Amino acid sequence: MGAALSLAERGRGRVAPNPNVGCVIVNRGVVVGRGWTQPGGRPHAEAMALAQAGAAARGATAYVTLEPCAHVSPRGPACSDLLAEAGVTRVVVALRDPDPRTDGKGLARLYEAGIETLCGVEKADARRSMAGFLTRQRFGRPHVTLKLAMSLDGAIAMADGRSKWITGEAARHHAHVERARHEMILVGRGTVTADRPSLDVRLAGLEDRAPARLMLSSEDIDVPPGWRTINAPGDLLTDDLPGDHLLVEGGIETAASFLSADLVDRLLLYRAPILIGDGRTLPGFGLADLADAHGRWRACDSRRLGSDTLDVYERVRR
């Protein structure tokens, strides 16, 4: 399942509104097929893995990060049917599919075909892998990651607003990888006006993965060609936005507005080993009591990036 989850990451940010799924088919201890959801959503991971496995899929075990779909689409057959027709005898699934067209029906169809099923293997990692799809299904909006680069004393910029560059080269490269994993990126109007950022992906081999550019502005102003405006963070719930993953990057007030609206699902905190003193920090975002701050965020990753440190947190939602 770990291998299937790694494969699933290859589709992140490129397959919406479909989930990014990974699949590994094993026969007698040998991997005979691998697949992941392809750009645009098709072929599905199972179809790709079965095509690679061919006749070796008969009698094999399929490890899939999401319950195989049960609905037939104009773009392809149901994956639960494909697995049954291929002669797979066991299917191990990480997560049940919340899409009502499948939700439990895929596993039921496999069971009816005489296939042994097991669900819930590595489910926490699978939820993290498919956070965009699951957030869209649950809340009707994209999954939001907020990126912040700060000094040891919590400053996000100098007193005059300058923030280029707080972190080093390795951290900036990692931030470009994150851009490549999101369909959309958003900054505030002040950042657009002052910096005219390109917000592209400047890593060899990933240049074509640049996300769609959004600007947060409550005013009706002209936007640069290729940009789109949303008036408030709450517009994520109503606007038809192009994808399931949004990266919020740039603008102290913009960051505070998303935190105040409780629309941040994931925090990327890049911390540089520098002290700024009298620098700009996050403004207030509606926290009424210190006790309310506890228990809201769960650490899920930490790593060194050159001389900088990255800490990743997930919003705890009951």
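# Two sheets and packed helices

Helices H2 and H3 cross with a left-handed sense. This is a predicted model. One open sheet in it has 5 strands, and another open sheet has 8 strands. A UniProt record places a domain at residues 1-118.

**Helix pair H2 and H3**

- Helix H2 covers residues 45-53, and its axis comes within 9 Å of the axis of H3. The two axes cross at roughly 20°.
- Angles under 35 degrees count as roughly parallel, so H2 is roughly parallel to H3.
- Which residues of H2 meet H3? They are Glu46, Ala47 and Leu50. On the H3 side, the partners are Cys79, Leu82, Leu83 and Ala86.
- Sorted by class, this contact of H2 with H3 has 6 nonpolar residues and 1 charged residue, with no polar ones.

**Helix pair H3 and H4**

- Helix H3 (residues 79-86) also packs with helix H4 (residues 105-112). Their axes lie 9 Å apart, at an angle of about 20°.
- That angle makes H3 roughly parallel to H4.
- Is the crossing of H3 and H4 left-handed or right-handed? The crossing is right-handed.
- H3 contributes Ser80, Asp81 and Leu83 to this contact. H4 contributes Gly106, Arg109 and Leu110.
- By class, the contact of H3 with H4 has 2 nonpolar, 2 polar and 2 charged residues.
- Leu83 of H3 takes part in the contact with H4, and Leu83 also meets H2.

**The sheet of 5 strands**

- Strands of a sheet pair through backbone hydrogen bonds, either parallel or antiparallel.
- What is the strand order in this open sheet? The order is S2-S1-S3-S4-S5, and the pairing is mixed.
- Strand S2 (30-36) and strand S5 (116-119) are the edge strands, so named because each pairs on one side only.
- Neighbouring strands of this sheet are turned against each other by 15° on average, direction ignored.
- Strand S4 covers residues 90-95 and pairs with S5 in the parallel sense. The pairing of S4 and S5 runs over 4 bridges.
- Thr117 in S5 is the bridge partner of Val91.

**The sheet of 8 strands**

- The order of this open sheet is S9-S8-S7-S10-S6-S11-S13-S12, with mixed pairing.
- Which strands form its edges? They are strand S9 (227-230) and strand S12 (297-305), each of which pairs on one side only.
- The twist from one strand to the next averages 25°.
- Strand S7 (residues 184-188) pairs with strand S10 (residues 245-249) in the parallel sense, over 3 bridges.
- In S10, Val248 stands opposite Leu186.
- Helix H7 (residues 169-180) packs on this sheet. The strands touched by H7 are strand S6 (143-150), S7, S10, strand S11 (266-271), S12 and strand S13 (308-315). The direction of H7 makes about 160° with that of S11.

**The annotated region**

- The UniProt feature at residues 1-118 reads "domain: CMP/dCMP-type deaminase" and comes from an unreviewed entry.
- How much of the chain over residues 1-118 is helix, and how much is strand? The values are 27% helix and 24% strand.
- The end C-alpha atoms of residues 1-118 are 12 Å apart.

**Backbone details in loops**

- The peptide bond from Ala16 to Pro17 is cis, with omega near 10°. Pro17 lies in the loop between helix H1 (2-8) and strand S1 (22-27).
- A cis peptide bond also leads from Arg42 to Pro43, where omega is near -5°. Pro43 lies in the loop between S2 and H2.
- Where is Arg28 found? Arg28 is in the loop between S1 and S2. The phi of Arg28 is near 55°, a positive value in a residue other than glycine.

Notes:
Residues numbered from 1 in each chain as written. Predicted model: local features only at pLDDT ≥ 70, side-chain atom pairs only at ≥ 80, totals over all residues. Heavy atoms only, no water. Pairing = 2+ DSSP bridges. Axes fitted to C-alpha atoms, helices over the stretch in contact; angles between N-to-C directions. Parallel < 35°, antiparallel > 145°, perpendicular 65-115°, else oblique. Left-handed = near helix turned anticlockwise from the far one by under 90°. Contact = heavy atoms within 4.5 Å. Nonpolar A, V, L, I, M, F, W, Y, C, P; charged D, E, K, R; others polar. UniProt positions renumbered as here; feature names shortened; annotations may be inferred.
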